[in-house]
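Ready to try a few short exercises on metal sites? Have a look at what is shown here, then work through the tasks one at a time.

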Amino acid sequence: AKREGGAALRFFDHAMQASVTERAHLEADLDRALEGSELRLFYQPQVDTTGVTVGLEVLLRWEHPVRGMVSPGVFIPLAEESGRIVAIGGWVLESACQQLAQWAEQPRRRDLTISVNVSPVQFRQAGFVDSVREILARSGADPRHLVLEVTESLFLQDPEQARDTMLALSALGVRFALDDFGTGYSSLGYLKRLPLDELKIDQSFVRDLLESSADAAIVETIIALADRLGMRVIAEGVETEEQANWLREHGCRRFQGYLYARPAPLVSGKEALPGFPS
Ligand code: C2E
Ligand code: CA
Ligand code: CA
Ligand code: CA
């Protein structure tokens, strides 16, 4: 048994070593991706009860020349650890705001919102508020159409600083959505102290909605909570008509998921997203 353990340990060391090398490669590649043009923005529609697109969430993609499409679930944690997320996140914000400014010129698109995921690392940067202010000024985007998606993890470490930053951004007119709501470990108390406009029901609750009475209870409670607190609520990961019907019947008014559209690039001028006003 001892020998087996030794072998397993050596194997483990080897696997670890490989992953460290792998990570070093990916990190070096990430610098190149940022300088070059390997990062792509995909957009996923958010629809109202009639299926019309009212907003879009920006989702980052990395088109690696050798590895193909690298998932944000893989490279965002790496980018957070190395601090590269600050530059990447800035680029995402800038692009989203330029898109908003373009849509502002188009009567049928001028009311669309864009939701941008913001990493806690990026959010806690000393210059974050200033950089958002500058991006808004440079692009000419209407801040009320920009929604920053933050997660509960932001409020675990230094909630006072997070709150100050949110209030400063809120004063600029920027909106906030709380992403993956219900999956974190923080208390509910922060909900009343923060300038939140929207709760996003995590897709893990939506997935088994019709089979699990616990998930159904959680979703009903989130909808009621958002309602009572005067926040909007959006369900993410909606994949079936049955889920959408249940959510609608229980008062949810906004939806996002494969049922409506998968994240896709916007092809300038001829966006092919369903329900997207042309
Ligand atoms: P998220 O913000 O919770 O984004 C939702 C994820 O669910 C996306 O995965 C989306 O493609 C996927 N999704 C959408 N509809 C459905 C559905 O109906 N069913 C299922 N099963 N999945 C659906 P994606 O694009 O792989 O992104 C993963 C995570 O990476 C995001 O989770 C977000 O936390 C992070 N991320 C993506 N883009 C950015 C970014 O620009 N900045 C930062 N900081 N994080 C980002
Ligand atoms: Ca999100
Ligand atoms: Ca989410
Ligand atoms: Ca998530």
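Here are three exercises with worked solutions, all on a predicted model.

**Exercise 1.** Find which residues coordinate the calcium ion (ligand 3) and how their donors are spaced along the chain.

*Solution.* Start with the donor atoms: Asp179 (OD), Asp180 (OD) and Glu236, which gives two OE entries, sit at 2.2 to 2.7 Å. Next, read along the chain, and the spacing comes out as D-D-x55-E. Now place two of these donors: aspartate 179 is in strand 6 (residues 175–181), while glutamate 236 is in the loop between strand 8 (232–235) and helix 10 (241–249), 57 residues apart.

**Exercise 2.** Do the same for the calcium ion (ligand 2), then say what a pair of its donors ties together.

*Solution.* The protein donors here are Glu57 (OE), Asn117 (OD1), Glu149 (OE) and Asp179 (OD), 2.1 to 2.3 Å from the ion. Their pattern in sequence is E-x59-N-x31-E-x29-D. Take asparagine 117 in strand 4 (residues 113–117) and aspartate 179 in strand 6: the pair ties together parts that are 62 residues apart in sequence. As for the link between the ions, aspartate 179 bridges ligand 2 and ligand 3, two calcium ions 4.0 Å apart.

**Exercise 3.** Decide whether aspartate 179 and asparagine 117 are buried, partly exposed or exposed.

*Solution.* Buried means under 20% relative accessible area, and exposed means over 50%. Aspartate 179 has 7%, so it counts as buried. Asparagine 117 has 30%, so it counts as partly exposed. Back at ligand 3, glutamate 236 is buried too, just like aspartate 179.

Technical notes
Residues numbered from 1 in each chain as written. Chains lettered and ligands numbered in written order. Predicted model: local features only at pLDDT ≥ 70, side-chain atom pairs only at ≥ 80, totals over all residues. Heavy atoms only, no water. Donors = N, O, S within 2.8 Å, 3.2 Å for Na, K, Ca; no water. Helix = DSSP H or I, 4+ residues; strand = E, 2+ residues; numbered from the N terminus. Buried < 20%, exposed > 50% of the residue type's maximum accessible area, 1.4 Å probe, protein only.
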